[in-house]
Amino acid sequence: MTVIPQGRTRRAALVSAMCALVVTGMGLTGCSEDPDAGTNGVGKLPPDKIQSRTRSAARAADAVHLSGTVATSGRTYSLDMRLKSAGATGSVTTKGLSFQLLRIGEQLFLKADASFWSQNGGDADAAADKLGGKYVKVPQGDPSYKKFIGFTHKDVLLDGLLTLHGALAKDGHHEQAGVRIIRITGDKGSGGTLDVSLDGKPYPLRLVRAGSAGTLRFSDWGKDFALEKPAKDETLDYGKQLPTS
């Protein structure tokens with residue numbers, strides 16, 4: 001016969017009593033000593049392993065919806081993008097100007113109103129009426145292509161984002177929109193924070209970038225979406241270089 005130490009018996013009884021009190025007083029349905037019970041288990045891993053598992057899960061997913069802000073090269077961009085390997089679609093806003101991006105394969109289209117195209121004056125101002133409201137095919141040698149294509153490549157974008165800087169640590173179990181998460185930090189938060197789902201696959205759900213470089217949310221992991229090439233009468237091929245960059 002196994003003898004259970006009295007201290008363990010008292011502790012178990014106390015936990016049971018507390019659970020009963022919580023359930024009765026707050027209308028909850030259960031209580032557990034283990035915050036990782038019933039989860040995908042990554043909450044038990046060291047923070048570097050959590051970060052690695054998260055990156056692997058993100059790369060393996062067929063698609064994702066990304067929204068939020070990214071500060072880079074002295075500009076802040078507000079993104080609302082749906083991404084997959086075959087392409088991407090969504091909107092970008094910076095300095096009060098908004099435009100849509102559509103990538104199909106390696107073809108990149110940019111759609112914006114006349115005010116976006118006229119921001120640089122000169123030739124751009126003259127072309128604004130022609131380009132406004134159209135899907136403009138961006139030449140691969142154009143500076144705009146190099147600047148914006150990175151917002152449309154899922155793995156390239158996520159690989160660059162899903163890295164915390166400095167010493168990694170866990171910052172507890174939390175809940176976000178009804179989903180249980182484990183939060184990891186870099187340098188106690190100054191190197192960024194990442195919320196990782198404990199339900200289902202360990203997908204990243206929210207990222208606060210280091211150095212106040214933006215906050216991003218991730219959703220609809222693995223949820224496919226349609227990509228359609230714009231109609232011919234909605235498309236313009238401006239040539240080898242656009243009037244703005």
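These questions and answers cover confidence, one threonine and the salt bridges of a predicted model.

Student: What is the mean pLDDT of the chain?
Tutor: Confidence varies along this predicted chain. Residues reaching 70 or more make up 81%. The mean pLDDT of the chain is 85.

Student: How many contacts beyond near neighbours in sequence does the stretch 1-16 have?
Tutor: Over residues 1-16 the pLDDT is below 50. Residues 21-29 also stay under 50, with six contacts beyond four places in sequence. For residues 1-16, the number of contacts beyond near neighbours is two.

Student: Is Thr 152 buried or exposed?
Tutor: Thr 152 sits in the loop between α5 (143-148) and α6 (154-161). Leaving aside neighbours within four places in sequence, its contacts include Met 81, Leu 83, Leu 101 and Leu 108. Its relative accessible area is 0%, and buried means under 20%, so Thr 152 is buried.

Student: Which backbone oxygen does the side chain of Thr 152 reach?
Tutor: The distance is 2.7 Å. A polar contact needs N or O atoms within 3.5 Å. The partner is the backbone oxygen of Ile 149.

Student: Which of Asp 34 and Lys 44 is exposed, and which is partly exposed?
Tutor: Their side chains meet in a salt bridge, 3.9 Å from N to O. Both lie in the loop between α1 (6-26) and α2 (47-60), so the pair ties together parts that are ten residues apart in sequence. Asp 34 has 31% relative accessibility, so it counts as partly exposed. At 57%, the exposed residue is Lys 44.

Student: How far apart in sequence are the parts that Asp 220 and Arg 82 tie together?
Tutor: The two side chains form a salt bridge at 3.1 Å, N to O. Asp 220 lies in the loop between β11 (215-219) and β12 (235-237), whereas Arg 82 lies in strand β2 (residues 75-84). The pair therefore links parts whose separation in sequence is 138 residues.

Student: Which residue forms a salt bridge with Arg 183?
Tutor: Arg 183 lies in strand β8 (residues 179-186), and its partner is in strand β9 (residues 193-197). Both residues are buried. The closest N and O atoms are 2.6 Å apart, and the partner is Asp 195.

Student: Which residues are linked with Arg 59 in a network of salt bridges?
Tutor: The structure holds nine salt bridges. Side chains of opposite charge can pair when their charged atoms come close. In the network, Arg 59 is joined by Lys 154, Asp 155 and Asp 159.

Conventions
Residues are numbered from 1 along each chain as its sequence is written. This is a predicted model: local features need pLDDT of at least 70, side-chain atom pairs count only at pLDDT 80 or more; totals for chains, interfaces and linings use all residues. Side-chain values use heavy atoms; hydrogens and water are left out. pLDDT is the predictor's confidence in each residue, from 0 to 100. Contact means heavy atoms within 4.5 Å. Helices (H or I, at least four residues) and strands (E, at least two) are DSSP runs, numbered from the N terminus. Buried means under 20% relative accessible area, exposed over 50%, partly exposed in between (1.4 Å probe, protein chains only). A polar contact is a pair of N or O atoms within 3.5 Å; within protein, one must be able to donate a hydrogen and the other to accept it, and residues adjacent in sequence count only if both atoms are side-chain atoms. A salt bridge is a side-chain nitrogen of Lys or Arg within 4 Å of a carboxyl oxygen of Asp or Glu.
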